[in-house]
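Subject: Handover of a structure and notes on its features

Dear colleague,

Please find the sequence and structure below. My notes follow it, for your review.

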Amino acid sequence: MTADFSKKRIDELISALLYMDRLAVREILSKSTENEDKLHVIDAIIVPALEEIGRRWEEGTLAISQVYMAGIIIEEAIGGLFPHNDLPGGAKGKIATVVLEDYHMLGERIVSVFLIGAGYSPIRYGRRDVAELLSLIKKDEIKYLFISTLMLPSALKIREISPQISSEGVKIIVGGAPFRFDPDLGREVGADRVCLTASDAITALRELEGTS
C-alpha cells in the first residue's frame, strides 16, 4: 500500500466517519483489506483516521459527539473485520478501561473504542469504586489499566490504588479534565502515562509495551 494510496483512504475514512456513513466506512475498509493484512489496515488507515479526528476536536473544529460517533462506527467496523472478536496479536498483557468513582462515562467509552480501532481488546469495567477495581484487576490479571475521570476527587482516588497495583506490575494510564488542567497531577497520583486525548491512549500503550 503506497503512501499516497493510504493517505487517500485515510481521508475517505475520515469523511465517511464524520458523515456517519456506515456503508461507506464498511466499503472503504473492505476494499483496503482485499490485498492487505487486516492488522496492517488498522495501523495504516484506521488509527491515523482516529488520531486526525481527535486532533481536530482538540483544535475545536469538531464536537465531542462527532468523536464519540466516529469511535462507535469504527468499533462496529472492527467487529466486521474480526467477527468473533478474534484480534490477532494485541497487547502483551490484558487491558482494562474504567471510570473510577465518577458518573461520566463518555471518556472511557471513547478510549475503549480507540483501543479497539487499533486492534486491541480491552475489558470494559464501567464505573467502579476502589475496592471493586482492586478485586477485578487481580481476578483478571490486568497488565494495563486505563482510568478516565472528569472530576478532581475521582482523579485523586487513583492514589488509593496506584501503590498496590504498580508494585504488582500493573501500568496505569490516566486521562480526563483534571489531568489537562494540572500537568503534575498524573505524577502525584502515581500514573505511568497521562493521555490528553483519546488517541494518546494508543501511543501510551505502545510505549509501555516497548518497555515491558
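I begin with one residue of a charged pair: Lys157 has a relative accessibility of 26% and therefore counts as partly exposed. Please bear in mind throughout that this is a predicted model.

Salt bridges

The partner of Lys157 is Glu101, and their side chains form a salt bridge with an N to O distance of 3.7 Å. Lys157 belongs to the loop between helix H7 (152-156) and helix H8 (162-167), while Glu101 belongs to the loop between strand S1 (94-100) and H5, so the contact ties together parts that are 56 residues apart in sequence. Glu101 is also partly exposed, because its relative accessible area is 24%, which falls between the limits of 20% for buried and 50% for exposed.

In total, the structure holds 12 salt bridges. Another of them joins Glu76 to Arg22, with the closest N and O atoms 2.7 Å apart. This pair likewise links distant parts of the chain, since Glu76 sits in helix H4 and Arg22 in helix H2 (residues 22-32), 54 residues apart. Glu76 counts as partly exposed at 42% relative accessibility, and Arg22 falls into the partly exposed class at 31%.

A further salt bridge is formed by the side chains of Lys139 and Asp140, at 2.9 Å from N to O. Are these two residues buried or exposed? Lys139 is exposed, with a relative accessible area of 57%, whereas Asp140 counts as buried at 12% relative accessibility. Elsewhere, Glu52, Arg55, Arg56 and Glu59 are linked in a network of salt bridges.

As general background, side chains of opposite charge can pair when their charged atoms come close.

The sheet

Turning to the strands, 5 of them form an open sheet, in the order S2-S1-S3-S4-S5, and the pairing is parallel. Strand S2 (123-128) and strand S5 (193-195) are the edge strands, each of them pairing on one side only. From one strand to the next, the twist averages 20°.

The pairings can be followed across the sheet. S1 and S3 pair in the parallel sense over 6 bridges; here Val98 stands opposite Ile147 in S3. S3 is joined to S4 by 6 bridges, and these two strands also run parallel. Across this pairing, Leu145 has Ile172 in S4 as its bridge partner, and Tyr144 stands opposite Lys171 in S4. S4 in turn pairs with S5 in the parallel sense over 3 bridges, with Gly175 opposite Cys195 in S5.

How many residues of S3 are buried? The number is 7 of 8, so S3 is largely enclosed by the rest of the structure. S4 is mostly covered as well, with 5 of its 6 residues buried.

The largest pocket

The largest pocket contains about 480 Å³ of space. It is lined by 28 residues, and those closest to its centre are Gly107, Glu108, Ser148, Gly176 and Arg180. The elements that give two or more residues to this lining are helix H3 (38-59), helix H4 (64-81), helix H5 (106-117), strand S3 (142-149), strand S4 (171-176) and helix H9 (177-181). Which element gives the most to the lining? It is H5, with 6 residues. By class, the lining is made up of 17 nonpolar, 9 polar and 2 charged residues.

Two of the strands described above therefore return in this part of the account, as S3 and S4 are listed among the elements of the pocket lining because each gives two or more residues to it. H4 is listed there too, and that helix also holds Glu76 of the salt bridge to Arg22.

I would be grateful for any comments you may have on these notes.

Yours sincerely

Methods: Residues numbered from 1 in each chain as written. Predicted model: local features only at pLDDT ≥ 70, side-chain atom pairs only at ≥ 80, totals over all residues. Heavy atoms only, no water. 1 Å grid on protein atoms, 1.4 Å probe; cavity = no way out; pocket = protein on both sides within 12 Å on 5 of 7 lines; lining within 4 Å. Points joined across faces, edges and corners; volume = space filled by probe spheres on them. Helix = DSSP H or I, 4+ residues; strand = E, 2+ residues; numbered from the N terminus. Nonpolar A, V, L, I, M, F, W, Y, C, P; charged D, E, K, R; others polar. Salt bridge = Lys/Arg side-chain N within 4 Å of Asp/Glu carboxyl O. Buried < 20%, exposed > 50% of the residue type's maximum accessible area, 1.4 Å probe, protein only. Pairing = 2+ DSSP bridges. Axes fitted to C-alpha atoms, helices over the stretch in contact; angles between N-to-C directions.
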